[in-house]
Amino acid sequence: MEILAQTVLTGLLLGGVYGLIAMGLSLVFGVMRIINFAHGNIVLLGMYTVLMLYTTLGINPFLALLIVVPVGLLLGAVLQSVLFARLRDAGELPQLLLTLGLGIIIQSIVQVVFSPGQRSLTGFAWGSELVDIGGIYLRPAHVVGFVIAIAITIGLTFILKRTDFGRQMRATVDDAEIAESSGVRSKRIYIIAVGIGTSIALVAGGVLVTYQPASPTLGNEFLVLAFVAVVLGGLGNIMGAFIGGLIAGTVQQLTAAFVSVGLQDVGLFTLFILVLIFRPNGLFGRKEITA
């Protein structure tokens with residue numbers, strides 16, 4: 001029973017960060033109708049940004065996230081203005097090719113700057129030490145990362161549901177022309193939405209690097225996890241994406257514990273296929289962006 005409790009709790013803690021990754025992808029798709037295939041490598045960029053701040057300036061990785069957030073907002077604004085604004089009505093194939101190309105560029109830059117090998121936060125004990133809580137062992141970095149994920153989820157839900165900006169965003173998604181005729185500046189909405197989605201991805205990467213070594217090839221893995229979580233939760237559903245991440249992390253850990261570590265993704269993709277067959281819109285899928 002302790003093994004089951006340990007596995008489920010670890011899966012939920014990891015799944016919270018997976019949920020963050022999925023939320024960033026889902027937000028950009030929900031607002032822009034663009035599937036960003038560079039999303040996984042943006043998460044990777046967050047890992048290396050926090051790694052660089054820690055190794056060169058000695059900044060605590062979790063405090064470094066305060067620097068990562070404005071960097072993400074700026075990067076998102078640039079991506080939206082330079083690339084995504086031109087892709088919104090370009091069709092699926094140009095979106096696929098250009099965002100894949102962007103991901104390859106990010107990965108290549110990371111390899112050149114940081115080398116192809118793995119790098120970790122040497123000396124950062126939070127990601128390696130274990131704390132015994134009633135026979136269940138937890139890493140402090142897992143717990144702090146999960147708390148950050150919950151805080152961001154609550155904050156984003158509040159923005160979308162309770163603020164004028166959130167209402168304007170939903171109106172823009174429903175019908176941009178009508179929203180603009182009512183005084184909504186859709187271009188501003190798009191820039192901020194992509195900025196928020198990019199910041200969330202960078203923060204997720206910054207959390208991950210506190211307990212997982214960074215490698216230039218991890219971006220594709222993050223992209224796949226994000227797609228699985230988003231499909232489980234439903235495209236365009238922010239809260240659904242987060243819950244999908246929790247499910248993905250839990251299923252992955254249960255498969256690793258009770259089947260095989262080498263097959264930890266088999267259970268996850270089995271569930272993914274079943275959801276596609278029986279619930280193609282996801283467990284919480286809707287057509288519009290929701291919290």
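**Exercise 1. The surroundings of T255**

Determine which residues T255 is in contact with, leaving aside its neighbours within four places in sequence, and describe where T255 is placed.

*Solution.* Step 1: once neighbours within four places in sequence are set aside, the contacts of T255 are S260, L263, Q264 and G267. The structure examined here is a predicted model.

Step 2: T255 belongs to helix α10, which spans residues 238-258.

Step 3: the cut-off for a buried residue is under 20% relative accessible area. T255 has a relative accessibility of 11% and therefore counts as buried.

Step 4: the side chain of T255 also reaches a backbone atom, namely the oxygen of V251, at 2.8 Å.

**Exercise 2. Positive phi values at R33 and S115**

Locate R33 and S115 in the chain, state the phi value of R33 and of S115, and classify the accessibility of R33 and of S115.

*Solution.* Step 1: R33 is found in the loop that links α1 (2-32) to α2 (39-57). S115 is found in the loop between α4 (92-114) and β1 (131-133).

Step 2: R33 is a residue other than glycine with a positive phi, near 60°. S115, likewise a residue other than glycine, has a positive phi near 80°.

Step 3: a residue is partly exposed when its relative accessible area lies between the limits of 20% and 50%. The relative accessibility of R33 is 34%, so R33 counts as partly exposed. For S115 the value is 34%, so S115 counts as partly exposed.

**Exercise 3. The chain as a whole**

Summarise the secondary structure of the chain and explain why the chain can be called as compact as a globular protein of its length.

*Solution.* Step 1: eleven helices and two strands make up the secondary structure. Their order along the sequence is α-α-α-α-β-β-α-α-α-α-α-α-α.

Step 2: the radius of gyration is 19 Å, and the globule rule for 291 residues gives 19 Å; the chain is therefore as compact as a globular protein of that length. Along the principal axes, the C-alpha atoms fill a box of roughly 60 × 45 × 35 Å.

Step 3: buried residues account for 51% of the 291 in the chain. Of the contacts between residues at least 6 apart in sequence, 78% join residues at least 24 apart.

Step 4: the accessible surface is about 13,300 Å², with 67% belonging to carbon and sulfur atoms. The chain carries 15 positive and 13 negative side chains, and the centres of these two sets are 7 Å apart.

Notes
Residues are numbered from 1 along each chain as its sequence is written. This is a predicted model: local features need pLDDT of at least 70, side-chain atom pairs count only at pLDDT 80 or more; totals for chains, interfaces and linings use all residues. Side-chain values use heavy atoms; hydrogens and water are left out. Helices (H or I, at least four residues) and strands (E, at least two) are DSSP runs, numbered from the N terminus. The radius of gyration is taken over C-alpha atoms; the globule rule is 2.2 Å times the number of residues to the power 0.38. Buried means under 20% relative accessible area, exposed over 50%, partly exposed in between (1.4 Å probe, protein chains only). Contact means heavy atoms within 4.5 Å. Accessible areas come from the Shrake-Rupley method with a 1.4 Å probe; for residues, only the protein chains shown count as cover. Lys and Arg count as positive and Asp and Glu as negative; His and the chain ends are not counted. The place of a charge is taken as NZ of Lys, CZ of Arg, CG of Asp or CD of Glu. A polar contact is a pair of N or O atoms within 3.5 Å; within protein, one must be able to donate a hydrogen and the other to accept it, and residues adjacent in sequence count only if both atoms are side-chain atoms.
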